[in-house]
Amino acid sequence: MAIRVTEQGRNFYLETLHSMYQIKADEYGVLKHIWYGSRTECDMEYLLDYPDLGFSGNIYEAENKRDYSLDTMPLEYSCKGIGDHRIPAAAITHPNGSDALDLRFDGYEIKKGKYVISGLPAVYADEDEAETLEIYLKDTSSDIRVILKYGVLEKKDIITRSAVFCNMGDAPCKITKAFSLCLDIPHGDWDWVHFHGRHIMERLVERRSLFHGVQESSSNRGTSSHQQNPSVLLCSNDCTETSGECIGALLVYSGSFQTKIELTQLNQVRMLMGINSECFSWELKPNEQFSTPEVILSYSDSGMETLSHNFHNVIRNNICRGEYKQSERPVLINNWEATYFDFNEERLENIAKEASKLGVDMFVMDDGWFGKRDSDTSGLGDWFVNEEKLKGGLNTLVEKVKSYGMKFGIWFEPEMVSEDSELYRTHPEWAIQIPNRKPTRSRYQLVLDMTRQDVRDYLFKVISDVLSSADISYVKWDMNRSICDWYSAELPVENMGEMQHRYVLGLYELLDRLTSEFPHILFEGCSGGGGRFDAGILYYCPQIWCSDDTDAYERTKIQYGTSFFYPISTIGSHVSIVPNHQTGRITPFETRAVTAMSGSFGYELDLNTLSEEEKNAVIEQNKRFKKYGPLIHNGRYYRLSNPMTDKFAIWSFVSENSGEVLVHGMIFRTEPNMTRYSVKLRGLISNKKYVVDGDNTIYTGKALMEGGILLPKPWGDFFPIELHLKEV
Ligand code: GLA
């Protein structure tokens, strides 16, 4: 049993293989958070100490017990306005204008299997893989109830959380904060690790000691964003890849979010994660419910590597869905960096034809095939084939590409509209903008109001028509701007605060309809590269274009940061030409291939422009990706260096039984007359014996893990590394 309850029904233990989460409803019905850490087989309440602290008030029933304060004790779901002055997870404005919420225990239920959240992506699991705990809370003086839901995937070391707000009264009220996670940690010295960045430079790792007060990483852009990612790690000061304690939290959500962490007056930590409360309010009418998105939690006492393995496992098996969830992904060639908008059917055909000869599986036609779309200033919304560019129409091109033995994929940016488009001329009211205020353009485009059913129906129809008109195997779903000017004529004025969340719900509804209607199509997410790289999108699209930066050197940093939570199979990664289009940097062809192979592999160039030698390299790279792909996608991933600080970027993939290892990466600079670098491998079996392809030396696993493996002597900068080891 993953969920245990004591006889009195007030102490809850959520147990996974290596972690324990403990909650208690105390004598006043206050729900306390007791513990999230390793499995101690002990009631951890003895660790809690309640000081009598001036200016930290006491609940009425506690009378003059001055050491009983909601302001100092670890709480399971903190609320506004009742004497806990730390950051609140929930707040509601009642009909009388007050916004206090005092939630007390009102029972519980344990269920087999994992709860689902209607309209929102969430971890799914078989009945025998997961258990659900529902804790019922009710406000002391209103008819608001809250259900805290916990999903426990015991063998995967995963606990999920979500909250449901219910209005059992007869008047509407307004939710102004509804975080998915509230996690109080009463002891320890913690660092905060988060992933920040910008367009073409996403998910850079930043680690900081917590300071007293509130620190935050968030997005108010309507998407999860390039700038911050809805994922966070709290780790002990001494935590490394392989040792120390850490807790990871990942929000399954693609819109504006907030992660807030407070280091309190008593050096306790409170972490909140959920919908960005500055961009959110929700009217809760009588008998209605509101569900928050889900947070996935994992705890490790053996460093960040274990945590990453836990998240990779749950995302790959319990978030990603569909036919491509486990199966090998096609190697694709995308024409974007090869042609940008400047193409016709002949140019595309030539790229596809050459690629087919070199072993590529699929051709993807990127932006520019529809409406009037010769630049990024027009055409979005007109999802009709531009027959001036593609003479003979889409089906003719698709059949041509198929005749070369390749599959065909296509690009859409469904949520957008250009002012210079038929769609905008017909339906200007479908674009998000505030009456009497000029909208903000970004990439010269506006955003469609995805909260509207008519907009979603239109998009479903036009996209379905295109997808049914030819044999299409893949869709790249792009989204190329941040959203502002929030206003929808469809929403009552007083409920405009719902729009951002309703946009995300609308997006999920459309994604759900299209992915269900076309189950054989592989959908890849994208937002100017990795601007919406999150677990919500991965529920519909099992891979996401990781970054518009295809420079192999920069990619080592971007993919390093991405790997903390997201499995390698989800990371779209391509080889492009040099000088690189984003940085002007020149890296060797093989280095670009090795870096792109740590993902869902492909090319983003015109192979016709390559030399014969490079073309032969492409043939050989494709063979290698076919050979190593299953190990890369199904194996355990190890970050063997830190590319932000080390002289090389080295990572590895290890098969389930540790009998096969692939070491990939690059040495950044060549230094003359230097000894060779060595790197300690991980995840091998000490007494197994291994050999490296092309070498007869026999190493023990212990030697490779404790002494390391010597990297080849580099020649030239950004020198590629590939070492394949097998057990003998
Ligand atoms: C975004 C994507 C690119 C490409 C362009 C097309 O930037 O990330 O890969 O599809 O849009 O406009």
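1. The ligand is surrounded by 13 residues, of which Asp366, Asp367, Lys476, Gly529 and Asp548 come nearest; a residue is near a molecule if one of its heavy atoms lies within 4 Å of it. The model is predicted, so that local features need pLDDT of at least 70 and side-chain atom pairs count only at pLDDT 80 or more, while totals for chains, interfaces and linings use all residues. Residues are numbered from 1 along each chain as its sequence is written, and side-chain values use heavy atoms, with hydrogens and water left out.

2. The shell around the ligand comprises six charged, four nonpolar and three polar residues. In this division Asp, Glu, Lys and Arg count as charged; Ala, Val, Leu, Ile, Met, Phe, Trp, Tyr, Cys and Pro count as nonpolar; and the others, Gly among them, count as polar.

3. Several polar contacts (pairs of N or O atoms within 3.5 Å) involve oxygen atoms of the ligand. A side-chain N or O atom of Asp548 lies 2.5 Å from a ligand oxygen. For Arg443, the distance from a side-chain N or O atom to an oxygen of the ligand is 2.9 Å. Trp411 places a polar side-chain atom 3.0 Å from an oxygen atom of the ligand. The protein buries 97% of the 310 Å² that the ligand exposes when taken alone; these accessible areas come from the Shrake-Rupley method with a 1.4 Å probe.

4. Two helix pairs deserve attention. Helices here are DSSP runs of H or I with at least four residues, and strands are runs of E with at least two, numbered from the N terminus. Helix H3 (residues 345-357) packs against helix H4 (residues 393-403) at an angle of about 20 degrees, with the axes 10 Å apart. H3 is therefore roughly parallel to H4, a term for angles under 35 degrees. Their crossing is right-handed.

5. Helix H9 (residues 552-562) and H10 also pack at an angle of about 20 degrees, and their axes are 9 Å apart. These two helices are therefore roughly parallel to each other. H9 crosses H10 in a left-handed manner, meaning that the near helix is turned anticlockwise from the far one by less than a right angle, whereas clockwise is right-handed.

6. Two backbone features merit inspection. Most residues other than glycine have a negative phi, and most peptide bonds are trans. The bond from Val578 to Pro579 is cis, with omega near -5 degrees; Pro579 sits in the loop between strand S29 (571-575) and helix H10 (589-597). Glu41 has a positive phi, near 55 degrees, and lies in the loop between strand S4 (31-37) and strand S5 (90-93).

Notes
A polar contact is a pair of N or O atoms within 3.5 Å; within protein, one must be able to donate a hydrogen and the other to accept it, and residues adjacent in sequence count only if both atoms are side-chain atoms. Axes are lines fitted to C-alpha atoms, for helices over the stretch in contact, and angles run from 0 to 180 degrees between N-to-C directions. Angles under 35 degrees count as roughly parallel, over 145 as roughly antiparallel, 65 to 115 as roughly perpendicular and the rest as oblique.
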